[in-house]
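Visitor: I'm new to reading protein models. Could you walk me through this one and tell me how each label is earned?

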Amino acid sequence: MTATIDTAWSNPLRDSRDKRLPRIAGPCSLVIFGVTGDLARRKLMPAVYDLAARGLLPPSFALVGFARRDWDDQDFGQIVHDAVREHSRTPFREEVWERLSEGFRFVQGAFDDDAAFDQLSEVLADLDRQRGTDGNHAFYLSIPPGAFPTVCEQLQRSGLADQTDEHWRRVVIEKPFGHDLTSAQELNAVVNRVFPEDAVFRIDHYLGKETVQNILALRFANQLFDPLWSSHYVDHVQITMAEDIGLGGRAGYYDGIGAARDVIQNHLLQLLALVAMEEPVSFEPRELQNEKIKVLSATRNVLPLELNTARGQYGPGWQGSTEVPGLVDEEGFAQDSITETYAAIAVEVDSRRWAGVPFYLRTGKRLGRRVTEIALVFKRAPHLPFDKTMTEELGENALVIRVQPDEGITLRFGSKVPGSSMQVRDVNMDFSYGQAFTESSPEAYERLILDVLLGEPSLFPVNDEVELSWKILDPVLRAWADSGRPDTYESGTWGPRSADEMMNRVGRTWRRP
């Protein structure tokens, strides 16, 4: 009897189920509403080109722009060309561009213009016939949330949202996902009247970052960290997203939104969920989402709120060697506004693993430097067999996941200082993506756009996650609305005095990244 070998299984390069291989999108188009905006120019168009340059888009792919501008297809192509030249991650290659640009189309019109959406329907039908996009179309709403209902209703009226077993239609939504729980529920209802939940992709670009995804690998591929990843050893967790820039031209948009709505409700609570979640049964999208929902369901504000939250507005100061103005001097910002540019809150996760461990979430503009990190700060050793002078420079052990910039992981621990005396001081063991891997990490929007086209929803928050996040943040926002003006902090520092006092009351301090 002669043994036979199934070559589809024996050769991983030919195995479609080999997860090490990149997945290539099938025939489809991407329609961008708000294609004239900054996000489309700086992120979306370059990401589409980078995907094409990496061979991850099919030859039949098409890119369609929708806006009020009086452009034809060639004008739109020039806009994409300029954006790609300026912002793409991968080198510009003429052969890639020529192949990609064959699928460019542009439709002129307003969001309430029936004729424009009817024309869009005709353009997509032509692409199905001419380019072979096969009836598969994703609609990227890079537009203000107030326009979502109008565009969704137009997509429904024109039949563009209709799906069959053979052809898919998907919608991509940029944050903010509402401004409180009630508005988020209303927004979800509007979108879900037109698109089923499994066809809705809410973009949180932080979840597309390589380091954020590495949280799952760090936790669940290594036995080393799991025994330490709990209240038995962790004293507290700090999750920080700091920016060194001010509002600039966005002051009018930002007023009334603020740091908590802009960052904590989505980015930081999502990072918390990934840090605190239990191991999923599998990495299927629904299993990952279920574990995140469990964490957010168990997350509670630390009370009283007036002692466990902090907010501020940046004043004038120095950013490096540059003198910068304060918030009230930014053009377009109301002088009497109480919108915060710095926000910090303390929450706890009511679970067996994390009971009693506070999670401190903070974000701000015009801070000391641009950095996003997750720091697990460990409890001190219960007994140190050293004289106090030997360890006076020893801090707490910490595991720090750097999301941006300089993506990587740092482990801080105590080590003896070389010399004849016993002196223990903090040292860092550092892992850097840039040094460990030769291939540069893709931009977050590359990964997320590809996942939309593949129908892979693992990295996208679902309705329950959005609404649970607002349930956590809404009480804080209500308390702040009743407590007068935010504190002022000097630009280039690490936030208002009230934020330091919030930590000092419980014998802790903020990290200075």
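Visitor: Which classes of residue does the lining of the second largest cavity have, and how many of each?

Guide: That lining has three nonpolar, four polar and one charged residues. The rule behind it: Ala, Val, Leu, Ile, Met, Phe, Trp, Tyr, Cys and Pro count as nonpolar, Asp, Glu, Lys and Arg as charged, and the others, Gly among them, as polar. One quick note: this is a predicted model, where local features need pLDDT of at least 70 and side-chain atom pairs count only at pLDDT 80 or more, while totals for chains, interfaces and linings use all residues. Residues are numbered from 1 along each chain as its sequence is written, and side-chain values use heavy atoms, with hydrogens and water left out.

Visitor: Which residues line the second largest cavity?

Guide: Phe-177, Gln-265, Asn-266, Gln-270, Pro-461, Glu-465, Val-466 and Ser-469 do. A cavity, on a 1 Å grid over the protein atoms alone, is a set of points where a 1.4 Å probe fits but cannot get out, and lining residues have an atom within 4 Å of a point.

Visitor: How many disulfides are there by the rule?

Guide: The count is zero. A disulfide is a pair of cysteine sulfur atoms within 2.5 Å. The closest cysteine sulfur to that of Cys-28 is in Cys-152, 19 Å away, so the two are too far apart for a bond.

Visitor: Why is Cys-28 called buried?

Guide: Buried means under 20% relative accessible area, exposed over 50%, partly exposed in between, using a 1.4 Å probe and protein chains only. Cys-28 has 0% relative accessibility, so it counts as buried. Cys-152 is buried too, because its relative accessible area is 1%.

Visitor: Where does UniProt place the feature "binding site"?

Guide: The unreviewed entry puts it at His-205, Lys-209, Glu-243, Asp-262 and Lys-365. UniProt positions are given in the numbering used here, feature names are shortened, and annotations may be inferred rather than shown by experiment.

Visitor: What makes Lys-209 buried?

Guide: Its relative accessibility is 17%, so Lys-209 counts as buried. Not counting residues up to four places away in sequence, Lys-209 touches Val-403, Gln-404 and Ala-444, where contact means heavy atoms within 4.5 Å.

Visitor: And Lys-365, buried or exposed?

Guide: Buried, because Lys-365 has 3% relative accessibility. Leaving aside neighbours within four places in sequence, the contacts of Lys-365 include Glu-243, Arg-250 and Tyr-489.

Key
1 Å grid on protein atoms, 1.4 Å probe; cavity = no way out; pocket = protein on both sides within 12 Å on 5 of 7 lines; lining within 4 Å.
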